[in-house]
Amino acid sequence: MARTALVGAGAPATDVWAYNATVPGPSIRLRQGERLRVQAVNRLAENTTVHWHGIRLPNSMDGVPDLTQRPIIPGGSFLYEFDAPDAGTFWYHPHSRSYEQVDRGLAGALIVEEHDPPDVDRDLVWVLDDWRLAADASITSDFANAMDMSHAGRLGNTVTINGQVQEELAVRAGERLRLRLLNVANARIFGLAFSGHAPQIIAIDGQPTEPHAPENGRIVLGPGMRIDIILDLALEPGSRVAVTDDFYRNRSYKLVDLVYRPERALRSRSSAEVRLPPNPLARPDLEQAERHAIEFGGGMMDPKMRRRMMSPEGMTPEAREMMARSMMERMRAGHIWTINGKAAEGHLHEPDLLLRHGKSYVLDMLNDTAWHHTMHLHGMTFQVVSRNGRTLTRPVWQDTVLMDPGERVAIAFAADNPGDWMFHCHVLEHQASGMMSVVRVS
Ligand code: C2O
Ligand code: CU
Ligand code: CU
């Protein structure tokens, strides 16, 4: 437990749960291929674990309570030890009651550096978080309520960069930044615009991508996602421009101002394009891949239910009444979201998908709900190969993929890491109310 000035000087400090008493937790940096050893000691009053989001590690180090390890009890500890095969931007967080533990501040960046990092003036991390604070700046304790669980998740009212509401970031004209954006919020989706600038996306979820400008000039990060950009500060000394987040319609706000110092430009023209070296990922064999259909369902304004009600035969009042009743029951039981018709409880399950080690798979996913979801797979990195039936010309490696309401997304991967792996929505309230399953590779 710790206290920190989230909202800034002048406002009261906030009680948080913290790794090493800081929010976010310490940024862990290591070189690609190096071994990370972390002794996790639990000083919370409840069980916890540490999960290393996006790292392809042995199953026993994945930090999923009951499924891959015994939970770390209060006063207990666990030694995490694994190699980091991929360079990139990753993160760590608990996987026990994460909708509360992560929300209260338990999250940190895990940076794996390239052997030969690109030439930039500064390599910065922005851990983006969203807090629901009361007037006295305390975190409201209405966790996992039915309203948040059945809608968009726990959206807050205060957005922080690296654990603080930031007014400005001082920059110098001509400077080149590598900015690692990391969304650790329970539910908020960010859509960042750097007005007056032309950021280039160079990595998604830690994995290098063909450098490209963000679609519609907006960098979109669902919960759990990371995006690395190159930001050339090409404006005049003394300039001031806002970075805004306008993901939710009519809810746009200023995240921070980029404030150029008066000094003359560091250099006149910006240097060459930055292209990161690829990581040693096994490419899925799309021809030989076995396909599985995965459907997400449930939540408020369930499209399936609507379709039934709008069907030509319509519905008798009794049937309608029954449907409403079963919906209420599911809500009360916390079974709000489903994967292929099933709402999961807890982390330990019989696997929903049995995959053969070494084989390739395509998951044809359909978001048959009225809400966004960010689907995350542990242990393996997948390629997003198509969206709404359109094959992507440039398949993207990701571990967490944002799906719009009604959207179809196909992902492909080589099942090259044996074990029982979680596959769940990273909107943590959705995960807690059914949107979770287990994939076994053996
Ligand atoms: Cu970032 Cu299953 O987690
Ligand atoms: Cu993960
Ligand atoms: Cu979800």
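Which residues of helix H4 are buried? In this predicted model, the buried residues of H4 are Met323, Met327 and Met331. They sit on the same side of H4, because the arc they cover around the axis is only 75 degrees. The opposite picture appears on the face turned away from that buried side, where Glu318, Met322 and Arg332 are exposed. Among the elements that cover the buried residues of H4 are helix H2 (146-150) and helix H3 (303-310).

The length of H4 can be checked with simple arithmetic. The helix has 16 residues, from 317 to 332, and at 1.5 Å a residue these should span 22 Å; the C-alpha atoms at its ends are 23 Å apart, which agrees. Just after H4 comes glycine 334, whose phi is positive, at about 75 degrees.

It helps next to step back to the overall division of the protein. The domain assignment gives domain 1, covering 2-260, and domain 2, covering 290-441. Between the C-alpha centres of domain 1 and domain 2 the distance is 24 Å. The two domains touch each other: 41 residues of domain 1 are in contact with 39 residues of domain 2.

Further along the chain there is an open sheet. This sheet is built from 5 strands in the order S22-S30-S29-S24-S27, and its pairing is mixed. Strand S22 (353-355) and strand S27 (400-403) form the edges, each pairing on one side only. On average, neighbouring strands of this sheet are turned by 20 degrees against each other, direction ignored. Within the sheet, strand S29 (residues 419-425) pairs with strand S30 (residues 436-441) in the antiparallel sense, over 6 bridges. One pair can be picked out by name: aspartate 420 has arginine 440, in S30, as its bridge partner.

Another open sheet contains 6 strands, again described by its order. That order is S10-S9-S12-S17-S14-S15, with mixed pairing. Its edge strands are S10 and strand S15 (207-212), and each of them pairs on one side only. Here the average turn between neighbouring strands is 25 degrees, direction ignored. At the S10 edge, strand S9 (residues 122-131) and S10 pair in the antiparallel sense over 4 bridges. Aspartate 129 finds its bridge partner in S10, namely threonine 160.

Strand S10 (residues 158-161) is also home to isoleucine 161. How buried or exposed is isoleucine 161? Its relative accessible area is 4%; isoleucine 161 is therefore buried, as buried means under 20%. Setting aside residues up to four places away in sequence, isoleucine 161 touches Trp126, Val127, Leu128, Gln166, Leu255 and Val256. Serine 96 offers a sense of scale: it is separated from isoleucine 161 by 65 residues in sequence and by 24 Å in space, C-alpha to C-alpha.

Attention now turns to strand S7. All 6 of the 6 residues of S7 (residues 88-93) are buried, so this strand is largely enclosed by the rest of the structure. In a regular strand, side chains alternate between the two faces of the sheet. In S7, Gly88, Phe90 and Tyr92 point one way, while Thr89, Trp91 and His93 point the other way, and all are buried.

S7 has pairing partners that can be followed residue by residue. With strand S5 (residues 51-53), S7 pairs in the antiparallel sense over 3 bridges. Tryptophan 52 has tyrosine 92 of S7 as its bridge partner. Strand S8 (residues 108-113) is joined to S7 by 5 bridges, and these two strands run antiparallel as well. Tyrosine 92 appears again in this pairing, with glycine 108 in S8 as its bridge partner.

The loop between helix H1 (98-101) and S8 holds aspartate 103. Is this loop residue, aspartate 103, buried or exposed? With a relative accessible area of 2%, aspartate 103 falls under the 20% limit and is therefore buried. Leaving aside neighbours within four places in sequence, its contacts are Ser98, Asp130, Trp131, Ile139, Phe143, Arg154 and Asn186.

Notes:
Residues numbered from 1 in each chain as written. Chains lettered and ligands numbered in written order. Predicted model: local features only at pLDDT ≥ 70, side-chain atom pairs only at ≥ 80, totals over all residues. Heavy atoms only, no water. Expected span 1.5 Å × (residues − 1). Buried < 20%, exposed > 50% of the residue type's maximum accessible area, 1.4 Å probe, protein only. Arc of directions from axis to C-beta. Contact = heavy atoms within 4.5 Å. Pairing = 2+ DSSP bridges. Axes fitted to C-alpha atoms, helices over the stretch in contact; angles between N-to-C directions. Domains from an automatic or database assignment.
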